[in-house]
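Here are my notes on the model, set out as numbered points for you to check against the coordinates. They begin with the packing of the interior and go on to the pocket and the strands.

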Amino acid sequence: MRFGDHGSYQSDHARTSQQFVDDINEAVRLATQAAGDGWVSLLGGTISRQCLRLGLVDELHLDVAPVLLGDGISLFAGLGRHIELERLDTSAFASEAHLRYRVLR
C-alpha cells in the first residue's frame, strides 16, 4: 500500500483499487480497510508528519544510510509536538541501519 502526497493510495496486490480523498483521516481509514491484516505504509515526509500529528501512526520503520545530504526537508521538521517512541528492533549492517519503533500514546 502506498500513499502519495495528495491523499491517494494504491494497492500493490492482485485486488487493485485507487481512490482520491481530501481528508487524511479518511485516506488512512480506507487504506487500513483495504489492507485488512496487512500493513499500510506512509511514504514521504508530508504524509508521515500529518499522520503522526493526528495519532494515526502505530510504528515507525526507519532506514539509515551513511550519507549526509546537507540539504532537503527533514522527515520530522514542523511536527509541532513531542512523541515518545519505544524501540522494538534494531538491525545494523556495514552499509545501513534499520530501526523500528512503536509510537506511544
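1. In this predicted model, the largest nonpolar core is made up of eleven residues, namely Ile 24, Val 28, Ile 47, Cys 51, Leu 52, Val 57, Leu 60, Leu 79, Ile 83, Tyr 101 and Val 103. Helix α1 (24-35), helix α2 (45-53) and strand β6 (97-103) each supply at least two residues of this core, and the largest share, three residues, comes from α2. As general background, nonpolar side chains in soluble globular proteins tend to be buried together.

2. Helix α2 deserves a closer look, and its buried residues are Ile 47, Ser 48, Arg 49, Cys 51 and Leu 52, so a serine and an arginine are listed there beside core members. After the helix comes Gly 55, which has a positive phi, near 75°.

3. Is Ser 48, which lies in helix α2, buried or exposed? Ser 48 counts as buried because its relative accessibility is 13%, and the cut-off for that class is under 20%. Leaving out residues up to four places away in sequence, Ser 48 touches Leu 42, Val 57 and Leu 75.

4. Val 57, a member of the core, can be read from the other side of that contact: with neighbours within four places in sequence set aside, Val 57 is in contact with Leu 42, Ser 48, Cys 51, Leu 52, Val 103 and Arg 105. Among these partners, Cys 51, Leu 52 and Val 103 also belong to the largest nonpolar core, while Leu 42 is also touched by Ser 48.

5. The largest pocket has a volume of about 990 Å³, and of the 30 residues that line this pocket, the closest to its centre are Leu 42, Ser 48, Leu 60, His 61 and Leu 62. Leu 60 is therefore a residue to inspect twice, being listed both in the core and among those closest to the pocket centre.

6. Which strand gives the most to the lining of the largest pocket? Strand β4 (59-64) does, with six residues, and α1 also supplies at least two. By class, the lining has 18 nonpolar, eight polar and four charged residues.

7. Strand β5 (residues 85-92) and strand β6 run antiparallel and are joined by seven bridges, and a hairpin of four residues connects β5 to β6. One of the paired positions is Glu 86, whose bridge partner in β6 is Arg 102. Strand β6 thus takes part in this pairing as well as supplying at least two residues of the core.

Technical notes. Residues are numbered from 1 along each chain as its sequence is written. This is a predicted model: local features need pLDDT of at least 70, side-chain atom pairs count only at pLDDT 80 or more; totals for chains, interfaces and linings use all residues. Side-chain values use heavy atoms; hydrogens and water are left out. A nonpolar core is a set of buried Ala, Val, Leu, Ile, Met, Phe, Trp, Tyr and Cys residues joined through side-chain atoms within 4.5 Å. Buried means under 20% relative accessible area, exposed over 50%, partly exposed in between (1.4 Å probe, protein chains only). Contact means heavy atoms within 4.5 Å. On a 1 Å grid over the protein atoms alone, a cavity is a set of points where a 1.4 Å probe fits but cannot get out, and a pocket is an open set with protein on both sides within 12 Å along at least five of seven lines; lining residues have an atom within 4 Å of a point. Grid points are joined across faces, edges and corners, and a volume is the space filled by probe spheres set on the points. Ala, Val, Leu, Ile, Met, Phe, Trp, Tyr, Cys and Pro count as nonpolar, Asp, Glu, Lys and Arg as charged, and the others, Gly among them, as polar. Two strands pair if DSSP finds at least two bridges between them.
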